[in-house]
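Reader: I have a structure on the screen and would like to learn how to read it. Could you take me through it feature by feature?

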There are 2 protein chains.
Amino acid sequence: MESYRKFFHQYFLLYRPFISDLNRLLNEYDLHYSQWSIMYYLEMYESVTLVELSKHLYVEKPTITRTVNSLIKLQYVEQIKGRDNREKRIQLSPRGKEITAILRKNIDEYEQDIMTGISPEQQAEVIEVMDQIRSMIIKRGV
Amino acid sequence: MESYRKFFHQYFLLYRPFISDLNRLLNEYDLHYSQWSIMYYLEMYESVTLVELSKHLYVEKPTITRTVNSLIKLQYVEQIKGRDNREKRIQLSPRGKEITAILRKNIDEYEQDIMTGISPEQQAEVIEVMDQIRSMIIKRGV
DNA sequence: TCAGATAGTTACCATGAGTAACTATTAGGT
DNA sequence: ACCTAATAGTTACTCATGGTAACTATCTGA
């Protein structure tokens, strides 16, 4: 089999086992991966608008609206006032920050665990390659 | 950010852009990725049972049943007689083989396109790492 | 031979995502 | 300054994908 073909084959084979485990960790706090991806982003960038999330996560706006609303309902996320009255700018609530810290720790442990035996150099290589492919896909789609 | 953390972050960032493009290619033949993953497997292994698919794809049996039935309805897949009357053994139909060949070509082109600039050595490295991680996840889950 | 294991199905529910059509607000060109 | 076009977000609806529980049919092995 050609190596590029193998690449994508292997990529998808990893997805389902991986997301299953992650959701198992997240369920302890009534969360699913789609919600976590937003909390994760908020942990890094402090505050964001729904359009920013939509573009970054490659998910349509209505889906983002729904997921963000579920996080607001759980009181993990809160809306803040922005300059532009059209936009809805959100950030993690104090409770959201707590939960994020705990989950970040659990997920870190899990990730380190399943990465056992893979050298930091290999990890860096893989990260770089995935980043390049994402860029190619996005550039292509414009 | 720790490199193991970056790995999973980057992994998921690639998933949605990638699956969106794939589904766009597959839609020409009324297919979605969940169906394609089965056709792809059938192209490699000739004939399989639903339980084999379930284990390999890491998806529960009822989900496999539904997806396989949709492929039978599309006449891309047909049931064949096996030794064990409990099992449902399937293979690609002649039409299914045609479609698979065409799609394989289109997807190959697409994949080669977005892998431009990534050396075969890098590709091999990444494939190896993803395989190792999948093994770790599965072993862990036992 | 029959109890337990295995293969598959049915019914039902949850999650995640998309499209079309809409409102509210802002930005920019004249 | 005004109005059109663009942008941000929402609502309503639908589809794809997947899970669990409970079931039937068949096979295997003590």
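**Reading the DNA surfaces and the chain pair**

Author: α2 (33–45) and α4 of chain A, along with α3 (50–57) and α4 of chain B, each supply at least two residues of the surface near DNA strand C. Bear in mind that this is a predicted model.

Reader: Which residues come nearest to DNA strand C?

Author: Of the 21 residues around DNA strand C, the nearest are A:Arg86, B:Arg16, B:Val51, B:Lys61 and B:Lys88. Sugar and phosphate make up 64% of the atoms of this strand that come within 4 Å of the protein.

Reader: What is the make-up of the surface near DNA strand C by residue class?

Author: It divides into six nonpolar, six polar and nine charged residues.

Reader: Which part of DNA strand C lies by the side chain of A:Arg66, and which by that of B:Arg16?

Author: For A:Arg66, a polar side-chain atom lies 2.8 Å from a base nitrogen of DNA strand C. For B:Arg16, an N or O atom of the side chain is 2.6 Å from a phosphate oxygen of DNA strand C. A third case is A:Arg86, where a side-chain N or O atom is 3.2 Å from a sugar or linking oxygen of DNA strand C.

Reader: Now the other strand. Which residues come nearest to DNA strand D?

Author: There are 22 residues around DNA strand D, and A:Arg16, A:Val51, A:Lys61, A:Lys88 and B:Arg66 come nearest. Among the atoms of DNA strand D within 4 Å of the protein, 62% belong to sugar or phosphate, and the rest belong to bases.

Reader: Where do A:Arg16, B:Glu60 and B:Arg66 meet DNA strand D?

Author: A polar side-chain atom of A:Arg16 lies 2.5 Å from a phosphate oxygen of DNA strand D. B:Glu60 uses its backbone: an N or O atom there lies 2.8 Å from a phosphate oxygen of DNA strand D. With B:Arg66, a side-chain N or O atom is 2.6 Å from a base nitrogen of the strand. The elements giving two or more residues to the surface near DNA strand D are α3 (50–57) and α4 (61–73) of chain A, together with α2 (33–45) and α4 (61–73) of chain B. By class, that surface has seven nonpolar, six polar and nine charged residues.

Reader: Let us turn to the protein. How many helices and strands does chain A have?

Author: Chain A has six helices and three strands. Along the sequence they follow the pattern α-α-β-α-α-β-β-α-α. The C-alpha trace of chain A spans about 50 × 40 × 25 Å along its principal axes.

Reader: How should I read the relation between two copies of a chain?

Author: Two copies of a chain are related by a rotation about an axis and a shift along it. Here, a rotation of 179° with 0.0 Å of shift along its axis superposes chain B on chain A, with an RMSD of 0.1 Å. The two copies are therefore related as by a two-fold rotation axis. The same surface serves both copies, as 98% of the contact residues of chain B recur in chain A.

Reader: Which residue of chain B comes closest to the rotation axis?

Author: That is B:Val126, with its C-alpha at 2.6 Å from the axis.

Reader: And how is the size of an interface given?

Author: The size is often given as the accessible area lost when the parts come together. Chain B and chain A bury about 6200 Å² between them, with 69% of it on carbon and sulfur atoms. The contact takes 55 residues from chain B and 54 residues from chain A.

Reader: Which polar links cross between the chains?

Author: One salt bridge is found across the interface of chain B and chain A. B:Asp113 forms it with A:Arg140, and the closest N and O atoms are 2.6 Å apart. Twelve residue pairs are in polar contact between chain B and chain A. On the side of chain B that touches chain A, α1(B) gives the largest share, 20 residues. By class, that side has 31 nonpolar, eleven polar and 13 charged residues.

Reader: How many salt bridges does the structure hold over all chains?

Author: It holds 15 salt bridges over all chains. One within chain A joins the side chains of A:Arg89 and A:Glu52, at 3.6 Å from N to O. A:Arg89 lies in strand β3 of chain A and A:Glu52 in helix α3 of chain A, so the pair ties together parts that are 37 residues apart in sequence.

How values were computed. Residues numbered from 1 in each chain as written. Chains lettered and ligands numbered in written order. Predicted model: local features only at pLDDT ≥ 70, side-chain atom pairs only at ≥ 80, totals over all residues. Heavy atoms only, no water. Least-squares fit on C-alpha atoms with pLDDT ≥ 70 in both. Contact = heavy atoms within 4.5 Å. Near = heavy atom within 4 Å. Polar contact = N/O pair within 3.5 Å; in protein donor to acceptor, adjacent residues only side chain to side chain. Helix = DSSP H or I, 4+ residues; strand = E, 2+ residues; numbered from the N terminus. Nonpolar A, V, L, I, M, F, W, Y, C, P; charged D, E, K, R; others polar. Buried area = accessible area lost by both parts, 1.4 Å probe. Salt bridge = Lys/Arg side-chain N within 4 Å of Asp/Glu carboxyl O.
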